[in-house]
Amino acid sequence: MSDTAPPVYAGPTRVLSGIQPSGELHLGNYLGALKKFVDLQDQRPFLFVADQHAITVWQDPQKLASQTREIAAAYMAAGLDTTKATIFPQSAVRAHTELAWIFNCVARLGWLDRMTQFKEKSGKHKERSSVGLYTYPVLQAADILLYKATHVPVGEDQKQHLELTRDVAAKFNHDFAVPGFFPLPDPLIEGPGARVMSLRDGTSKMSKSDPSDYSRINLTDDADAIAQKIRKAKTDPEPLPDTLEALKARPEADNLVGIYAALTGETKLDVLGRFAGQGFGAFKPALVEVAVSAIAPIGERMRCLLADPAEIDRVLAAAAETASAVAEPTLDEVRRIVGFWSPRGR
Ligand code: TYM
């Protein structure tokens, strides 16, 4: 064994993340991802619409491009400034899929077999799932490492995919003897918004695919819809406790306190400090107020932006060029490292 540790990645910091255009965005996407992107925007993040990930399950081709524009509009409506953030469609930078193929040959079957999201999404019909759904985390590793991203803000459900990305980076660096070539990116997951649960069941995640619209707050919901969903959210008859331990035992209460904290930028303990001893009759109206003031304007801005799809297309096209200018040199280096033929090289 060598007595010197392999060099670590020494390149610049880069923040990158993505969201799939596979349905309406909800409060979980906002608190777990979008809000963090806005908080990090001075770091000039690369943010994409993961349309190649979306087609791992059936997407209506008539709708996919407009869903892509909707996610781009959500990025901007949430407060991202396109002079700071590079917002582009994943499929517009073809290097993602080429690097994903190379990573398919680096990642091991055993790693993918452990991915819980594939098990959840494929359900009982694994053999009828697309091959893309299985190898989805490898494409995600390519998305991240193509830009040598060092920090990836995501919700907690992406943690395992980020671990796989680190494994792919480490194995590539090792197998091809290029220590420090790819960074081992850090997931940015912390905070009370990292795992927002259903409003109908505090033990299951808020999700686009839940059949009940009352389980989630959509970013396009207006003030009345947001208020009604919070009023109807499942709770219990007890007043709010004063400790995190006691809160933990009550999943629905824990979720609503977590949502309040994430929206206001406080900790759950701060929120309990103000509301302990009070019932949901007092807490829910306070939550409605903060949720409506954070979310309703996003929906309004989205509607305005979507009224001018040509402007969204202009933003996406310009950003795709910016992204390609970073991605292509990485792919060229990777092609050289793995030994692919090129007229200039080996
Ligand atoms: P997606 O489109 O399912 O979700 C987008 C982001 O929202 C977060 N999220 C949540 N956060 C908190 N509570 C919830 N209930 C909740 N539901 C969703 C997700 O964690 C995610 O951050 N595989 C990714 C997209 C992707 C990606 C990437 C992300 C593709 N390539 C590279 C980062 C880097 C996905 O399906 O996210």
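## Ligand pocket, salt bridges and backbone features

At 59% relative accessibility, Ala177 counts as exposed. In this predicted model, Ala177 is placed in the loop between α8 and β5. The phi angle of Ala177 is near 55°, a positive value in a residue other than glycine. Most residues other than glycine have a negative phi. A second case is Lys148, which is not a glycine but has a positive phi of about 45°. Lys148 is located in the loop between α7 and β4 (151–153). In contrast to the exposed Ala177, Lys148 is buried, its relative accessible area being 15%.

The ligand occupies the space of the largest pocket. Around the ligand there are 28 residues, of which Gln20, Tyr136, Asp143, Asp157 and Val196 come nearest. Several secondary-structure elements contribute to this shell: β1 (16–19), α1 (27–39) and α7 (131–145) each supply at least two residues. Specific polar pairs were identified between the ligand and side chains. For Tyr136, an N or O atom of the side chain is 2.6 Å from an oxygen atom of the ligand. For Asn29, a polar side-chain atom lies 3.1 Å from a ligand oxygen atom. A nitrogen atom of the ligand is paired with Gln140, the distance to an N or O atom in the Gln140 side chain being 2.9 Å. On its own the ligand has 710 Å² of accessible area, and the protein covers 97% of this area.

Gln140 also takes part in a contact within the protein. The side chain of Gln140 makes a polar contact of 3.2 Å with the side chain of Gln158. Gln158 is found in the loop between β4 and α8. With a relative accessibility of 13%, Gln158 counts as buried. Gln140 is thus described by two distances, 2.9 Å to a nitrogen atom of the ligand and 3.2 Å to the side chain of Gln158.

A search for salt bridges over the whole structure returned 16. One of them joins Asp186 and Arg166, with the closest N and O atoms 3.2 Å apart. Asp186 belongs to strand β5 (residues 186–188) and Arg166 to helix α8 (residues 159–175), so the salt bridge ties together parts that are 20 residues apart in sequence. Both partners are partly exposed: the relative accessible area is 37% for Asp186 and 29% for Arg166. Helix α8 and strand β5 are also the elements on either side of the loop that holds Ala177.

Another salt bridge is formed by the side chains of Glu311 and Arg314, at an N to O distance of 2.9 Å. These two residues are three positions apart in helix α14 (residues 309–338), and are therefore separated by about one helical turn. Glu311 is partly exposed, with a relative accessible area of 33%.

A salt bridge with buried partners was found between Asp221 and Lys229. The side chains of Asp221 and Lys229 meet at 2.7 Å, N to O, and both residues are buried, a class that requires a relative accessible area under 20%. This pair is part of a network of salt bridges that links Asp213, Arg216, Asp221 and Lys229. The burial of Asp221 and Lys229 contrasts with the partial exposure of Asp186, Arg166 and Glu311.

Two glycines were examined for position and exposure. Gly277 is situated in the loop between α12 (268–275) and α13 (280–306). The relative accessibility of Gly277 is 58%, which counts as exposed. From Gly277 to Phe181 the distance is 54 Å, C-alpha to C-alpha, and the two residues are 96 residues apart in sequence. Gly281 lies in helix α13, and is likewise exposed, with a relative accessible area of 68%. The C-alpha atoms of Gly281 and Gln20 are separated by 36 Å, the two residues being 261 residues apart along the chain. Gln20 is one of the residues that come nearest to the ligand.

How values were computed:
Residues are numbered from 1 along each chain as its sequence is written. This is a predicted model: local features need pLDDT of at least 70, side-chain atom pairs count only at pLDDT 80 or more; totals for chains, interfaces and linings use all residues. Side-chain values use heavy atoms; hydrogens and water are left out. A salt bridge is a side-chain nitrogen of Lys or Arg within 4 Å of a carboxyl oxygen of Asp or Glu. Helices (H or I, at least four residues) and strands (E, at least two) are DSSP runs, numbered from the N terminus. Buried means under 20% relative accessible area, exposed over 50%, partly exposed in between (1.4 Å probe, protein chains only). A residue is near a molecule or strand if one of its heavy atoms lies within 4 Å of it. A polar contact is a pair of N or O atoms within 3.5 Å; within protein, one must be able to donate a hydrogen and the other to accept it, and residues adjacent in sequence count only if both atoms are side-chain atoms. Accessible areas come from the Shrake-Rupley method with a 1.4 Å probe; for residues, only the protein chains shown count as cover. On a 1 Å grid over the protein atoms alone, a cavity is a set of points where a 1.4 Å probe fits but cannot get out, and a pocket is an open set with protein on both sides within 12 Å along at least five of seven lines; lining residues have an atom within 4 Å of a point. A molecule sits in a cavity or pocket if more than half of its atoms lie within 2 Å of its grid points.
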